[in-house]
Every structure is written in structure tokens, then in C-alpha cells.
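Please look over the sequence and the model below before reading on. The paragraphs that follow lead from one part of the fold to the next.

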Amino acid sequence: MFSAYVRIFVSVERVDLRVSFDRLAGIVRERFGEDPRGGSLFVFLNKGTNRCKVLFYDRSGYAILYKRLDSGVFVPPPRNEGASRVEMSPEAFARFLEGLAVENKKKSNIH
């Protein structure tokens, strides 16, 4: 689905998923300090953690993948205290989208 080299960031804070492309891109710039058009994927969870939106930019504009689990919750990777986001590998992201717990072997980024 996505390149094995793509960077994937998960927001530590829960987000009202009624927000649209522009607000999610603003969160990426303001809280993560990243360029939302830089080719990375940005994952946002709702309060109940049973829904997620993934914001990404392809060559022609923003796109959102929106997923709701039928049962269970998304289990984000562990984070460092004070972090606004956590980076996960593409393999961990695939497990995450299935609602499976992931152990992130990469170091969490504090921003």
C-alpha cells in the first residue's frame, strides 16, 4: 500500500476526527514540526481509539485514509514522556491498522 521507506508518525494526543484535511495538516505543522507535504504519513486517533485518520500528500493533493474497527481499539506504540508524536515502522503500521498491538523498536521522537 505504501513504500517501505515512508516515515509514519502517530499523534500522541487524541483528535476530534470530524476535522478535515487543512486542520490535520495544521496539527502536523504546529505540533509535530513536520511538513505535511513531505511524503510522510500522519496518524490521528479519536478519543475512543476505535477510529483513525491517516493524512498523507501525494503529488496532486492531500488524501485521508479513515478506518473504524468493528471491534477492539487501535493500540498506539509506546511513547516517551512529553512527546507529541511517535514514529513507527511500515511493518508496525500494517499491524496497527489491523488493530494489533505493536512494539516499536525504533526510538520515539520527542517534539
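**Strand β1 and its surroundings**

Strand β1 pairs with strand β2, which spans residues 41–45, in the parallel sense and over three bridges. Within this pairing, Phe9 stands opposite Phe42 of β2. The model shown here is a predicted one, and the description that follows should be read with that in mind. Between the two parallel strands in sequence lies helix α1, residues 21–32, and together β1, α1 and β2 form a β-α-β unit that is right-handed.

β1 also pairs with strand β5, residues 85–88, but here the two strands run antiparallel and are joined by four bridges. Val10 of β1 has Val86 as its bridge partner in β5. What, then, covers the two faces of β1, and are its residues buried or exposed? Both faces of the strand, which covers residues 8–11, are covered, with Ile8 and Val10 buried on one side and Phe9 and Ser11 buried on the other.

From these pairings one can move outward to the whole sheet, which is open, contains five strands in the order β4-β3-β2-β1-β5, and has mixed pairing. Its edge strands are β4 and β5, each of which pairs on one side only. On average, and with direction ignored, neighbouring strands of the sheet are turned by 25° against each other.

Helix α2, residues 90–97, contributes the buried residues Ala92, Phe93, Phe96 and Leu97. Seen down the axis of α2, these buried residues fall within an arc of 135°, and they therefore line one face of the helix. That buried set packs against β1, β2, β3 (51–58), β4 (61–68) and β5. Just after α2, Gly99 adopts a positive phi of about 85°.

Taken as a whole, the protein has two helices and five strands, and along the sequence these follow the pattern β-α-β-β-β-β-α. Of its 111 residues, 43% count as buried, while the protein exposes about 6,500 Å², of which carbon and sulfur atoms supply 48%. Among the contacts between residues at least 6 apart in sequence, 58% join residues that are at least 24 apart.

Terms used:
Residues numbered from 1 in each chain as written. Predicted model: local features only at pLDDT ≥ 70, side-chain atom pairs only at ≥ 80, totals over all residues. Heavy atoms only, no water. Buried < 20%, exposed > 50% of the residue type's maximum accessible area, 1.4 Å probe, protein only. Contact = heavy atoms within 4.5 Å. Areas by Shrake-Rupley, 256 points an atom, 1.4 Å probe, with all protein chains shown as cover. Pairing = 2+ DSSP bridges. Right-handed = clockwise from strand over helix to strand, strands pointing away. Arc of directions from axis to C-beta. Axes fitted to C-alpha atoms, helices over the stretch in contact; angles between N-to-C directions.
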